[in-house]
Amino acid sequence: MNFAITHEFRYAYDSPVRLSTQYLRLMPRDTTRQKVLAWKLDTPMTALRTTDGYGNVLHVLTIDKPASEIAICARGRVQTSPAIDEASDFTGTPLPVLLFLRETALTRATEPLVSFAHKFRPKAAAGDGLLELAAAIRARDPEGSAADAVHAFITCCRRLGVPARYVSGYVFSRGKANGQATLHAWAEAWSGGRWRSFDIARGEPAGESHIKIAVGADSLDACRVRGVRVGGGVETLKAQATVEATQQ
């Protein structure tokens, strides 16, 4: 499928920001199941493009003059394939798989979650066992957020000795007038010598309706926008993302 994506952020402050640095993970990368056809990032000042430790495209935006408003817009076109999961990892990702066994502040196991995960230990190394784990987490909190479900799945996987990581992106839902796109999150677990995807909230693997933006040990590593500022007082953020299916 081909998608046209626009993601806009507008920050307003009740007093001028004297200095701001923002870390933007708003550009997807080519993988074995998606190809970036075109992409543009509009920012108030030129953002430095680099690659973070997880292989994600990272733009660092520094504004060193007073600003009462900051507008950021990412837009482009991405083509996805109907293939399920990746045949291989992001090209050039420098980190070993075992890094994704490391506990983080957002994936720290509580006693109830440790007990919950233990039930899946006999089949944890098999793909079917991970599918059962994902379904159980979804049933455990059907009204919870996608991010919370992914963190719970990752936590359980790591307790069971299975490397797992967080994925941020977009998902396009069929069946409505123009489809519906939402900011989304899913997980990837290392099984059978490759990364397998688990969209806990939707009960399916990542397919052609999923557009991957960033990966990380948890949501903070894959966050689209993070930053620090000096001054500015109260901040108001307006953000909107649209994804449209296109013919080409």
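A crossing of two helices is called right-handed if the near helix is turned clockwise from the far one by less than a right angle. This term is used in the legends below, which describe close-up views of a predicted model.

**Figure 1. Packing of helices α1 and α3.** Two packed helices are described by the angle between their axes and the distance between the axes. Here the axes of α1 and α3 (residues 146-159) come within 9 Å and cross at roughly 65 degrees. Because angles of 65 to 115 degrees count as roughly perpendicular, α1 and α3 are placed in that class. Their crossing is right-handed. On the side of α1, the contact is formed by Leu113, Val114, Phe116 and Ala117, and on the side of α3 by Ala152, Thr155, Cys156 and Arg159. Six of these contact residues are nonpolar, one is polar and one is charged.

**Figure 2. Packing of helices α2 and α3.** Helix α2 (residues 127-140) packs against α3 at an angle of about 140 degrees, and the two axes are 10 Å apart. The pair α2 and α3 is therefore oblique. The crossing of α2 and α3 is also described as right-handed. From α2, the residues Leu130, Leu133, Ala134 and Ile137 meet Ala149, Ala152, Phe153, Cys156 and Cys157 of α3. The residues of this contact comprise nine nonpolar, no polar and no charged ones.

**Figure 3. Surroundings of Glu103 in a loop.** Glu103 is located in the loop that lies between β5 (67-80) and α1 (111-118). With a relative accessibility of 42%, Glu103 counts as partly exposed, because this class lies between the limits of 20% for buried and 50% for exposed residues. Apart from neighbours within four places in sequence, Glu103 is in contact with Arg108 and Ala109. The side chains of Glu103 and Arg108 make a polar contact (3.5 Å). In addition, a polar atom of the Glu103 side chain lies 3.4 Å from the backbone nitrogen of Ala109. Glu103 and Ile154 are separated by 51 residues in sequence, while their C-alpha atoms are 9.4 Å apart in space.

**Figure 4. Surroundings of Ser191 in strand β7.** Ser191 belongs to strand β7, which spans residues 180-191. The relative accessible area of Ser191 is 8%, so this residue is buried. When residues up to four places away in sequence are not counted, Ser191 touches Ala125, Ala126, Gly127, Leu130 and Arg196. One of these, Leu130, is also among the residues of α2 that meet α3.

Methods. Residues are numbered from 1 along each chain as its sequence is written. This is a predicted model: local features need pLDDT of at least 70, side-chain atom pairs count only at pLDDT 80 or more; totals for chains, interfaces and linings use all residues. Side-chain values use heavy atoms; hydrogens and water are left out. Helices (H or I, at least four residues) and strands (E, at least two) are DSSP runs, numbered from the N terminus. Buried means under 20% relative accessible area, exposed over 50%, partly exposed in between (1.4 Å probe, protein chains only). Contact means heavy atoms within 4.5 Å. A polar contact is a pair of N or O atoms within 3.5 Å; within protein, one must be able to donate a hydrogen and the other to accept it, and residues adjacent in sequence count only if both atoms are side-chain atoms. Axes are lines fitted to C-alpha atoms, for helices over the stretch in contact, and angles run from 0 to 180 degrees between N-to-C directions. Angles under 35 degrees count as roughly parallel, over 145 as roughly antiparallel, 65 to 115 as roughly perpendicular and the rest as oblique. Ala, Val, Leu, Ile, Met, Phe, Trp, Tyr, Cys and Pro count as nonpolar, Asp, Glu, Lys and Arg as charged, and the others, Gly among them, as polar.
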